[in-house]
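Q: I have a structure in front of me and would like to learn how to read it, one feature after another. Could we start with a single residue and then widen the view?

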Amino acid sequence: MDILGLPVQALFGQLLIGLINGSFYALLSLGLAVIFGLLNIINFTHGAQYMMGAFVAWFLLQYGVGYWWALLVAPLVVGATGIVIERLMIARLYKLDHLYGLLLTFGLALVIQGLFRQQFGSSGQPYPIPTALSGGQNLGFMFLPTYRGWVIAASLVVCLATWYVIERTKLGSYLRAATENPPLVQAFGINVPRMVTLTYGFGVALAAFAGVMAAPIYQVNPLMGENLIIVVFAVVVIGGMGSILGSILTGFGLGVVEGLTKVFYPEASNTVIFIVMAIVLLLKPAGLFGAQK
Amino acid sequence: MAAEIQHQRAGSSAIQEASPPRGFAHHRIAFVVMAALFALAPLVLYPVFMMKVMCFALFACAFNLLLGFGGLLSFGHAMFLGTAGYASAHAAKVWGLTPELAIVFATGCAALLAFATGLLAIRRQGIYFAMITLALAQLVFFFYLQAPFTHGEDGIQAVPRGRLFGLVDLSEPIAMYFLVYAIFIGGFLLIYRTVHSPFGQVLKAIRENESRAISLGYDTDRFKLLAYVLSGTIAGLAGGTKALVFQLATLTDAHWSISGEVVLMTLLGGMGTIFGPVVGAAIIVTMQNQLAQLGGWVTVVQGVIFVVCVLAFRRGVVGEIGHWLKKPL
């Protein structure tokens, strides 16, 4: 069976890889958007924190702690380091131009990635797929490895839960209000600085969560977040950071676009997201879901 | 928050108020000292090392024109350095052009790239500008990774330096040195002139308050685009020259880490100062040479310098000296 002269197997195979990549784009760009909304900084350390999540999972495995605990512990640990970074460093920059936040987090990313590379080299450490998720299903038109299906489902659930908390709960309404007008929200007796700290911790934890899920698919590598973060920046520019659902949709959508490009024109698969970004900038400069200021 | 940003920037505004009517004298003195130091340096230091410093200094000055005076943070300036490097190496080696033509061609290529990417990047402001330039530079990097004429990981090697105007043999280190010296000083003076021209003043106005500049009738997008193209072009001049110095053009020059390095040079030397990027480039290139045997630690050290500069040393070396002398340098 062929579609457009291509075997169905190959097409769906790449579509699946696209959705997997899209899951990571969605989780990471969601974290960036949440952090940007409240802190007004672009967290360049995001890729390094994604990598740290994968490494925490790998460390835990050396001590016999498995995947499921890692999925819980790694985001907490990395989120806690994020909170320390926010308190000690980022908090000093809120009164300055936003560019300083970008420069600081860029420097931190260099430090973290450099230290991990010194310690572990640039070759990857393997991380096995948990036994409960090994194997796969034959769907008739393609073979779906269980772990890959799990990654897509789990990241969708986490993304939608984040959307629900921010858009539909009281806590989320405080967060949105603080994004609009921090002094006013503070005047109502809400501890905005603590909320800012926790928000940063949460965004970082999302990155670490993505890192743990990525560990069995890609190897655990000190440089795994380095180029990914640049692609995620392009995803954020394309989607615009105004809307949570927009970030999620853009992330998954661009993953699929990238997967399809691998089928039809593999030479451009590295660059297609940047090209989409250029086109979106020409047609709709504020991004697909962004509001023009 | 806006008020506090104003307050933070009050320092830089004071600089501009003080500089135009008087105070060019100390710029002149500093310039003569700098020009003399670079002219005499090959007597004590390796010429190739000093040529590297001058290329990166010019690159950082070009970057500072955009960030320090236009307030636009580009995180993709490596694309100009890399593009010009490939262009001049290809022109000199494959087409057999003379060195001056190769450099002119390389600079032109960088200018075209700056125009094309600038049209896209200036459509968004602030933090988005940085992300867009980074993404576009990554696009350019992947293009060079795959294009056949760049020879992938090997790069274009053994580029002939040739004869300048068909007369001067540039394989003589001292001849090459003074060509680089002339280009560096020329580029530096061009940037200095630009910053102190009416165009430069409008650019500063846009940096301080874009809406107000628009309300005064300036087409700010055109000013920003012109500044971006000028910055990319001079960065290309530095890149084209550098490829002839090292007789090599590789992917490294187009990699995002170079974009980060030029930000670091400017930040460390002093954003928005005239001489800061030169000092910053000299420090970073020296550090890379001294720490070369430490391998990967260089990245860590650079990251630490970034963090320290942002948290505690935002004026940079030259900015601090200028503040201490009460004369902006």
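**Reading a two-chain model**

A: Let us begin with B:Ala227, which is buried because 25 other C-beta atoms lie within 10 Å, where 20 or more are needed for that label. Please keep in mind throughout that this is a predicted model.

Q: Where does B:Ala227 lie, and which residues is B:Ala227 in contact with, leaving aside its neighbours within four places in sequence?

A: B:Ala227 belongs to helix α10 of chain B, and with those sequence neighbours set aside its contacts are B:Leu65, B:Leu66, B:Gly70 and B:Leu203. One can also look at distances between C-alpha atoms: B:Gly200 is 27 residues away from B:Ala227 along the chain, and the C-alpha atoms of the two are separated by 8.8 Å.

Q: How should I read the helix itself, and what span should the 27 residues of α10(B) have?

A: The general idea is that an α-helix has 3.6 residues a turn, so residues three or four places apart point the same way. For helix α10 of chain B, residues 220-246, a rise of 1.5 Å a residue leads to an expected span of 39 Å, and the end C-alpha atoms are 39 Å apart, which agrees. Since 21 of its 27 residues are buried, α10(B) is largely enclosed by the rest of the structure. After α10(B) comes B:Gln247, which has a positive phi, near 55°.

Q: Which helix of chain A can I examine by the 1.5 Å rule?

A: You can take helix α8 of chain A, residues 192-214, whose 23 residues reach 33 Å from the first C-alpha to the last, close to the 33 Å expected. α8(A) is mostly covered, with 18 of its 23 residues buried.

Q: Which residues other than glycine have a positive phi?

A: Among them is A:Asn40, with phi near 60°, found in the loop between α1 (8-39) and α2 (46-62) of chain A. A:Asn40 counts as partly exposed because it has 17 C-beta neighbours inside 10 Å. In chain B there is B:His151, which is not a glycine and has a positive phi of about 55°; B:His151 sits in the loop between α6 (126-146) and β1 (163-164). B:His151, too, counts as partly exposed, because 16 C-beta neighbours lie inside 10 Å.

Q: How do I read a nonpolar core, and which residues touch the most other members of the largest one?

A: In soluble globular proteins, nonpolar side chains tend to be buried together. Here the largest nonpolar core has 201 residues, and B:Leu58 and B:Ala135 touch the most other members. Helix α3 of chain B, residues 47-67, contributes the largest share of this core, with 16 residues. Not counting residues up to four places away in sequence, B:Leu58 touches B:Phe184, B:Gly187, B:Phe188, B:Ile234, B:Leu237 and B:Ala238.

Q: How many residues does each chain bring to the contact between chain A and chain B?

A: The contact takes 36 residues from chain A and 36 residues from chain B. On the side of chain A that touches chain B, α4 (98-120), α9 (228-239) and α11 (272-283) each supply at least two residues, and α4(A) gives the most, with 15 residues. Sorted by class, that side of chain A has 25 nonpolar, six polar and five charged residues.

Q: How can I describe each chain as a whole?

A: One can list its helices and strands, and then compare its radius of gyration with that of a compact globule. Chain A has 11 helices and four strands, and its radius of gyration is 19 Å, which agrees with the value near 19 Å for a compact globule of 293 residues. Chain B has 14 helices and two strands, and its 19 Å agrees with the value near 20 Å for a compact globule of 329 residues. Buried residues make up 49% of chain A and 50% of chain B.

Q: Where in chain B does pLDDT stay under 50?

A: That happens over residues 1-21 of chain B, for which the model has 14 contacts beyond four places in sequence. The mean pLDDT of chain B is 90, and 93% of its residues reach 70 or more, while the model scores ipTM 0.90 and pTM 0.90.

Note on methods. Residues are numbered from 1 along each chain as its sequence is written. Chains are lettered from A and ligands numbered from 1 in the order in which they are written. This is a predicted model: local features need pLDDT of at least 70, side-chain atom pairs count only at pLDDT 80 or more; totals for chains, interfaces and linings use all residues. A nonpolar core is a set of buried Ala, Val, Leu, Ile, Met, Phe, Trp, Tyr and Cys residues joined through C-beta atoms within 7 Å. A residue is buried if 20 or more other C-beta atoms lie within 10 Å of its own, exposed if 12 or fewer, and partly exposed in between; C-beta atoms are placed from the backbone. Two residues are in contact if their C-beta atoms, placed from the backbone, lie within 7 Å. Ala, Val, Leu, Ile, Met, Phe, Trp, Tyr, Cys and Pro count as nonpolar, Asp, Glu, Lys and Arg as charged, and the others, Gly among them, as polar. The expected span of a helix is 1.5 Å times one less than its number of residues. The radius of gyration is taken over C-alpha atoms; the globule rule is 2.2 Å times the number of residues to the power 0.38. pLDDT is the predictor's confidence in each residue, from 0 to 100.
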